[in-house]
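Subject: Handover of a structure and notes on what was found

Dear colleague,

Please find the structure below, together with its sequence. I would ask you to keep it open while you read the notes that follow.

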Amino acid sequence: MQVLAPGTVIFHRHRGYGVITSVNLLTGWIAARFGSEMRTLDLNLSTDEVQFADGEAILFRRAPPDRMPHARLMEMVRQLHRAGYQRLYLYSWPKPSGLHWRWHLFTGSRDWMQRPWREGWYGSGADYNVNPVMGWGDKPGASAEELVHALARFDPHGLAQALGRDEDHTVWFDGVCEALLPGYMYSLDMQRPANGQLLPEMPPVPVIAVRATLPAYSGPALSWPPGWAGLWSRAHALPASPINLNGVPELR
């Protein structure tokens, strides 16, 4: 399937050629403007027989688009690791609703809880479903290699801070990519048990499919990344407060 994003030219048998103005990759609804019409038209990609400009049918349910970019982010980070940028880390975790997953790229010291924030280096699946880009000048549907070049142009100073060796994490990350890509992603989410009981040991890393049509992950259990064991104890060391995404320190 070609890219579905605002600005994509489409064809509708009753309206002719139009341009997508907004898209929701989770529900399959888009808004499009046709010809000289001032108002946009809401269309369902599963039932309204919308086509791309070249006549290719949009089979939204049969060939679903990538609703979460985490798998491409993982491949991008692996390529950068192989190029010597081993001090680059990808943290991903779910929003409280469980409908979307956030991501955060950071460099320098491998501190999973005190991660430095840089503009454009984090995002959410909720935003991606409406505008499927990472936020650093990339194009919708960009490959891992294209994402690397876009990030290097957007923030060369930030990417330079990832130069260096972290062999333990690089080996772990490469093994995770081999097990999960291209259809699955990991989530560094440690939930407290609902019954309040303490867990005696760390459970496997949660794995999520990046497309709704994929079956549940059935591969080998994944270990947590290096440096994570110190965050896990019988008392669950992580704070329960939500993570601040706006980059502005909160007053306490």
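In what order do the strands of the open sheet of 5 strands stand? The order is β4-β3-β2-β1-β5, and the pairing is antiparallel. Before going further, please bear in mind that this is a predicted model.

**The sheet of 5 strands**

The edges of this sheet are taken by β4 and β5, the latter covering residues 51-52. Each of these two has a single partner strand, so one side of each is left without a neighbour in the sheet.

The pairing of β3 with β4 can be followed residue by residue. Strand β3 spans residues 29-34 and strand β4 spans residues 41-44; the two are antiparallel and are joined over 4 bridges. Within this pair, Ile-30 stands opposite Leu-43, and Ala-31 stands opposite Asp-42. As a general point, the side chains of a regular strand alternate between the two faces of the sheet. Together, β3 and β4 make a hairpin, with 6 residues between them. In that turn, Gly-35 has a positive phi of about 55 degrees.

The loop of this hairpin also takes part in a salt bridge. The side chain of Glu-37 meets that of Arg-15, with 2.8 Å from N to O. This contact links distant parts of the chain: Glu-37 lies in the loop between β3 and β4, whereas Arg-15 lies in the loop between β1 (9-12) and β2, and the two are 22 residues apart. Glu-37 has 32% relative accessibility and therefore counts as partly exposed. Arg-15, at 39%, counts as partly exposed as well.

Strand β2, residues 16-24, contains Tyr-17. Is Tyr-17 buried or exposed? Its relative accessibility is 53%, so it counts as exposed, the cut-off for that class being over 50%. Tyr-17 belongs to a nonpolar patch on the surface with Val-9 and Val-19, and these residues together have about 270 Å² of accessible area.

**Helix α1**

Helix α1 runs over residues 70-82 and has 13 residues. From its first C-alpha to its last it reaches 18 Å, close to the 18 Å expected at 1.5 Å a residue. How many of its residues are buried? The number is 10 of 13, and the helix is thus mostly covered. The buried residues include Ala-71, Leu-73, Met-74, Met-76, Val-77 and Leu-80, but also Arg-72 and Arg-78. Just after the helix, Gly-84 takes a positive phi of about 105 degrees.

Arg-72 deserves a separate remark. Its side chain meets that of Asp-66 in a salt bridge, at 3.6 Å from N to O. Arg-72 has a relative accessible area of 16% and is therefore buried; Asp-66, at 15%, is buried too.

**The sheet of 3 strands**

Another open sheet has 3 strands, in the order β6-β7-β8, with antiparallel pairing. Its edge strands are β6 (88-94) and β8 (122-124), each of which pairs on one side only. Neighbouring strands here are turned by 15 degrees against each other on average, direction ignored. Strand β7 covers residues 101-107, and 7 bridges join it to β6 in the antiparallel sense. In this pair, Pro-94 stands opposite Trp-101 of β7.

**A loop and further salt bridges**

Where is Pro-140 found? It sits in the loop between α2 (125-128) and α3 (144-154). With 29% relative accessibility, Pro-140 counts as partly exposed. Its C-alpha atom is separated by 9.8 Å from that of Gln-2, although the two residues are 138 apart along the chain.

The structure holds 10 salt bridges. One of them joins the side chains of Arg-165 and Glu-167, with 2.0 Å from N to O. Arg-165 is exposed, with a relative accessible area of 64%, whereas Glu-167, at 42% relative accessibility, counts as partly exposed. In addition, salt bridges that share partners join Glu-75, Arg-78, Arg-82, Asp-174 and Glu-178 into one network.

Yours sincerely,

A colleague

Notes. Residues numbered from 1 in each chain as written. Predicted model: local features only at pLDDT ≥ 70, side-chain atom pairs only at ≥ 80, totals over all residues. Heavy atoms only, no water. Pairing = 2+ DSSP bridges. Patch = residues over 30% accessible without salt bridge, like charges linked within 9 Å, V, L, I, M, F, W, Y side chains within 5 Å. Areas by Shrake-Rupley, 256 points an atom, 1.4 Å probe, with all protein chains shown as cover. Salt bridge = Lys/Arg side-chain N within 4 Å of Asp/Glu carboxyl O. Buried < 20%, exposed > 50% of the residue type's maximum accessible area, 1.4 Å probe, protein only. Expected span 1.5 Å × (residues − 1). Axes fitted to C-alpha atoms, helices over the stretch in contact; angles between N-to-C directions.
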